[in-house]
Amino acid sequence: MTKLEPCLCGFSKAFANCCQPIITNDSANTAEQLMRSRYSAFVLGDAKYILKTWHSDTCPHDFQLGQSNWLNLTIHHADNDTVSFSAAFHAGNKTMILKETSRFVCIDKHWRYIDGDCTVTAIKRNDLCFCGSQVKYKNCCGKTYSNET
């Protein structure tokens, strides 16, 4: 990524001024910042950062990144220690949407992901597009990705 490209997490700031320093320095100031930086790390395939920011009590020992192409992040609600979001991704021949309410804890000034309640469903052709356009998926981002229906 170039320093001027928009951040992967969806903020209008450049990646170099948004998630990159958080990933580099493990310096999230809020649960939402950690969640956004972890999403960016998933997009980049940075398993090391994802594992580093996972609470040791809940971190899986067999974690591996999948072959997903992450497409979009939408934050629905964030408070002190929880973040509700949806993230669209393409895996195989399906575009999916992950909806999660994640829980975080701050330990020694470092935010850590504990766990979350999530669902993953396929995006259907006539669903509203994940990008927020208010257009059906088939007439928007679905032109790029072919879904099984």
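Tutor: Before we start, a ground rule: two strands pair if DSSP finds at least two bridges between them. Also keep in mind that this is a predicted model.

Student: Okay, so which residue stands opposite Ser-86 in β3?

Tutor: Begin with the strands themselves: β2 and β3 run antiparallel and are joined by ten bridges. They also form a hairpin with two residues between them. Across that pairing, the residue of β3 opposite Ser-86 is Lys-99.

Student: Which residue in the turn between β2 and β3 has a positive phi?

Tutor: The two strands make a hairpin, and two residues sit between them. The one with a positive phi, about 60 degrees, is Gly-92.

Student: What about the other end of the sheet order: which residue of β2 stands opposite Ala-78?

Tutor: β1 and β2 run antiparallel, with eight bridges joining them. A hairpin of three residues connects the two strands. Opposite Ala-78, in β2, you'll find Val-83.

Student: And how many bridges link β3 and β4?

Tutor: These two strands pair in the antiparallel sense. One facing couple there is Leu-98 with Val-120 of β4. The bridge count for β3 and β4 is twelve.

Student: Which strands are the edges of the sheet?

Tutor: The sheet is open, has four strands and follows the order β1-β2-β3-β4 with antiparallel pairing. Neighbouring strands in it are turned by 25 degrees against each other on average, direction ignored. An edge strand pairs on one side only, and that picks out β1 and β4.

Student: Why is β2 described as largely enclosed?

Tutor: Count residues under 20% relative accessible area, the cut-off for buried. β2 is largely enclosed by the rest of the structure because its tally of buried residues is nine of ten.

Student: Is Lys-94 buried, exposed or partly exposed?

Tutor: Lys-94 lies in β3. Its relative accessible area is 26%, and the band between 20% and 50% is the in-between class. So Lys-94 is partly exposed.

Student: Which helix packs on the sheet, and which one gives the most to the largest nonpolar core?

Tutor: The helix on the sheet touches β1, β2, β3 and β4, and its direction makes about 170 degrees with that of β1. The core has 29 residues, with Cys-19, Met-35, Leu-73, Phe-85 and Phe-104 having the most contacts inside it. α1, α2, α3 and the strands β1, β2, β3 and β4 each supply at least two of its residues. The helix that packs on the sheet and also gives the most to the core, five residues, is α2.

Student: Which residues does Met-35 contact, leaving aside its neighbours within four places in sequence?

Tutor: Met-35 is among the residues with the most contacts inside the largest core. Its partners beyond those neighbours are Leu-73, Ile-75, Val-83, Phe-85 and Phe-104.

Student: How many residues are in the second, separate core?

Tutor: Its members include Ile-97, Ile-123, Cys-129 and Tyr-145. The count for this second core is seven.

Student: Last one: what is the radius of gyration of the protein?

Tutor: The protein has three helices and four strands, following α-α-α-β-β-β-β along the sequence. For 149 residues the globule rule gives 15 Å, and the protein comes close to that, so it is as compact as a globular protein of that length. The C-alpha trace spans about 45 × 35 × 25 Å along its principal axes. The radius of gyration is 16 Å.

Technical notes. Residues numbered from 1 in each chain as written. Predicted model: local features only at pLDDT ≥ 70, side-chain atom pairs only at ≥ 80, totals over all residues. Heavy atoms only, no water. Core = buried A, V, L, I, M, F, W, Y, C linked by side-chain atoms within 4.5 Å. Buried < 20%, exposed > 50% of the residue type's maximum accessible area, 1.4 Å probe, protein only. Contact = heavy atoms within 4.5 Å. Axes fitted to C-alpha atoms, helices over the stretch in contact; angles between N-to-C directions. Rg over C-alpha atoms; globule rule 2.2 N^0.38 Å.
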